Amino acid sequence: MRIAGAHEFLGESAPEPAHLRRLAQAFARLDYDLVAVTPTEDEALGAAKADLSRQVFGAAPTLSLHTTPEGTLAIILFPAMPETDRRGDATFRMAQAARQKAGVVIGVSAWGADAEEAWLTAHPEALDILLGAGPGPGSGGLFVGNGATVWMRPYADGKTVGEIRIQKFPPAGTKATWRPGDNISATAIPLTHFVADDPEITAIVTAP
């Protein structure tokens, strides 16, 4: 499954509308299963009239279930802003419910490293994978909570693709302990000159 997280479309300043349209066209061509954007990104894409299917981080978490040949994936989009009341943590409750339906529960966040780490510390068994974004260091896959969760974050320059491979899906209702090289692998693939350009993508992003 291919997932694009937050902060892919806006940097320190908003790109020109034509650039956003080309970028959206390239993302559509890459055939992501899920493109998650912040409200600010969604507003910019809408103003640029960029045609891209996307989900927006909202005030509350959202859940989607995806059936694959290996098993069912649950994907939870975190709220746009970190939740402050741990007693009423809607994201945690959603993850608990999703566990009964899916063998692998994935969270997608735009919070930044500090808030994501605090959430994982408070809920060490809630997720199998957390795909983070926002301020903070990148990671090709940290194993946190004694192997409960694989936490992956993009690098600042954006020239990597994170890849996670699960050897065998656990049954729904169970929580796996992830062991690198045994039942899972996680890595950041650098997009260097050793990776050949896709001519179609190059033509899209360099179009006048």
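**Exercise 1. Find the closest N and O atoms of Glu-163 and Arg-165 in this predicted model, and decide how the pair should be classed.**

*Solution.* Start with the distance: the closest N and O atoms of Glu-163 and Arg-165 are 3.3 Å apart. Next, compare that value with the cut-off, which asks for a side-chain nitrogen of Lys or Arg within 4 Å of a carboxyl oxygen of Asp or Glu. The pair Glu-163 and Arg-165 therefore forms a salt bridge. Finally, look at the surroundings of the acid: Glu-163 has a relative accessible area of 28%, so Glu-163 is partly exposed. Applied to the model, the rule gives a count of 7 salt bridges.

**Exercise 2. Work out which parts of the chain the salt bridge between Asp-42 and Arg-54 ties together.**

*Solution.* First, confirm the contact: the side chains meet with an N to O distance of 2.6 Å. Then place each partner. Asp-42 belongs to helix α2, whereas Arg-54 sits in the loop between α2 and β3 (55-56), so the bridge ties together parts 12 residues apart in sequence. Last, check accessibility: Asp-42 is partly exposed at 25%, and Arg-54 is partly exposed too, at 24%.

**Exercise 3. Describe the salt bridge between Asp-128 and Arg-99, and say whether the two residues are buried or exposed.**

*Solution.* Begin with the geometry: the closest N and O atoms of Asp-128 and Arg-99 are 2.7 Å apart. In sequence, the partners are 29 residues apart, with Asp-128 in the loop between α4 (113-122) and β7, and Arg-99 in helix α3 (residues 90-99). Both residues turn out to be buried. One more step widens the view: Lys-175 joins Arg-99 and Asp-128 in a network of salt bridges.

**Exercise 4. Determine how the buried residues of α2 and of α3 are arranged around their helix axes.**

*Solution.* Take α2 (residues 39-47) to begin with; here Glu-41, Ala-44 and Leu-45 are buried. Looking down the axis, these buried residues fall within an arc of 100 degrees, so they line one face of the helix. Glu-43 and Ala-47, on the other side of α2, are exposed. Among the elements that cover the buried residues are α1 (17-29) and β2.

Now turn to α3, where Thr-91, Ala-95, Ala-98 and Arg-99 are buried. Their arc around the axis is only 100 degrees, which puts them on the same side of α3. The cover over these residues includes β4 (62-67), β5, β6 and α4.

A general rule helps in reading both cases: an α-helix has 3.6 residues a turn, so residues three or four places apart point the same way.

**Exercise 5. Identify the largest nonpolar core and the strands that supply it.**

*Solution.* The largest core has 21 residues, and those with the most contacts inside it are Phe-57, Leu-77, Val-104, Ile-106, Val-108, Ile-129 and Ile-166. At least two residues of this core come from each of β2 (34-37), β5 (72-77), β6 (104-108), β7 (129-131) and β9 (149-153). A second, separate core contains 16 residues, including Ala-74, Ala-98, Trp-111 and Leu-120.

To see the packing at one position of the largest core, zoom in on Leu-77. Leaving out residues up to four places away in sequence, Leu-77 touches residues including Leu-34, Ala-36, Phe-57, Pro-61 and Val-108.

**Exercise 6. Locate the nonpolar surface patch and place Val-161 and Leu-191 within the fold.**

*Solution.* The patch is formed by Val-161, Ile-189, Leu-191 and Val-195, with about 280 Å² of accessible area together. Val-161 is in strand β10 (residues 160-166), and is partly exposed at 41%. Leu-191 lies in the loop between β11 (184-190) and α5 (199-205), and is partly exposed at 42%. Beyond four places in sequence, Leu-191 touches Lys-159, Thr-160 and Val-161.

**Exercise 7. Examine the positive phi values of Asp-31, Lys-49 and Asn-146.**

*Solution.* Recall the background: most residues other than glycine have a negative phi. Asp-31, though not a glycine, has a phi of about 60 degrees. Asp-31 is in the loop between α1 and β2 and is exposed at 55%. Lys-49, just after α2, has a phi of about 55 degrees. Asn-146 likewise has a phi of about 55 degrees. Its place is the loop between β8 (139-144) and β9, and with 78% relative accessibility Asn-146 counts as exposed.

Definitions and conventions
Residues are numbered from 1 along each chain as its sequence is written. This is a predicted model: local features need pLDDT of at least 70, side-chain atom pairs count only at pLDDT 80 or more; totals for chains, interfaces and linings use all residues. Side-chain values use heavy atoms; hydrogens and water are left out. A nonpolar core is a set of buried Ala, Val, Leu, Ile, Met, Phe, Trp, Tyr and Cys residues joined through side-chain atoms within 4.5 Å. Buried means under 20% relative accessible area, exposed over 50%, partly exposed in between (1.4 Å probe, protein chains only). Helices (H or I, at least four residues) and strands (E, at least two) are DSSP runs, numbered from the N terminus. Contact means heavy atoms within 4.5 Å. Patches are made of residues with over 30% relative accessible area and no salt bridge: like charges are joined within 9 Å, nonpolar side chains (Val, Leu, Ile, Met, Phe, Trp, Tyr) within 5 Å. Accessible areas come from the Shrake-Rupley method with a 1.4 Å probe; for residues, only the protein chains shown count as cover. The arc is that of the directions from the helix axis to the C-beta atoms.
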